[in-house]
Amino acid sequence: MARVDPNDRRPPYVQIADDLRQAIRSGELKPGDRLSSGRVLAERYGVALMTVKNALGVLRDERLVVSSQGRGVFVVDPLPHISAAAAEPTAELSTLRTELRELEQRVAALERTALGDLRST
């Protein structure tokens, strides 16, 4: 995938995480491979850097990649004894956790706005 699909119902960070996950599972990205920088990925997918960071957070939660400060993000060796089918619920749970964090942030922003409006009146 070169860019996120604006017609896709999934959020852009989920599309990116899914694309990178597929590249890892297919062997296109192998254990030890360093992913492109966040800026390069953001440019490739046509999104903001924060969107890429959210996608990488999903993959970190799934233990598919690991970040090393100042070095980059690397593909980890998947647990060979866990099948893809067994790992799928973990991926879904990770995505749900990320979406929940986003919703919490949005609700907090709405509450701040509403409180500001109430104080102005």
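Start with the salt bridges: the structure holds five of them, each being a side-chain nitrogen of Lys or Arg within 4 Å of a carboxyl oxygen of Asp or Glu. Side chains of opposite charge can pair when their charged atoms come close. This is a predicted model, in which local features need pLDDT of at least 70 and side-chain atom pairs count only at pLDDT 80 or more, while totals for chains, interfaces and linings use all residues. Residues are numbered from 1 along each chain as its sequence is written, and side-chain values use heavy atoms, with hydrogens and water left out.

**Stop 1: Arg10 and its partners**

Select Asp8 and Arg10 and show their side chains. They form a salt bridge whose closest N and O atoms are 2.5 Å apart. Now add Asp18, which also meets Arg10 in a salt bridge, at 2.4 Å from N to O. Buried or exposed? For this tour, buried means under 20% relative accessible area, exposed over 50%, and partly exposed in between (1.4 Å probe, protein chains only). By that scale Asp8 is partly exposed at 23%, Arg10 is partly exposed at 33%, and Asp18 is partly exposed at 24%.

**Stop 2: Arg101 and Asp61**

Next, select Arg101 and Asp61, whose side chains meet in a salt bridge of 3.4 Å, N to O. Arg101 lies in helix α4 (residues 84-120) and Asp61 in helix α3, so this pair ties together parts that are 40 residues apart in sequence. Helices here are DSSP runs (H or I, at least four residues), numbered from the N terminus. Arg101 is partly exposed, with 40% relative accessibility, and Asp61 is partly exposed too, at 35%. Before moving on, select Asp8, Arg10, Asp18, Arg21 and Glu62 together: salt bridges that share partners join them into one network.

**Stop 3: the two sides of α2**

Now go to helix α2, residues 38-45. Which of its residues are buried? They are Leu41, Ala42 and Tyr45. These residues cover an arc of only 100° around the axis (taken from the directions from the helix axis to the C-beta atoms), which puts them on the same side of α2. An α-helix has 3.6 residues a turn, so residues three or four places apart point the same way.

Show α1 (12-26) and α3 (49-61) as well, since the buried residues of α2 pack against both, with contact meaning heavy atoms within 4.5 Å. Then turn the view to the other side of α2, where Arg39 and Glu43 are exposed.

**Last stop: Gly46**

Finish by selecting Gly46, just after α2, which takes a positive phi of about 70°.

Key
Helix = DSSP H or I, 4+ residues; strand = E, 2+ residues; numbered from the N terminus.
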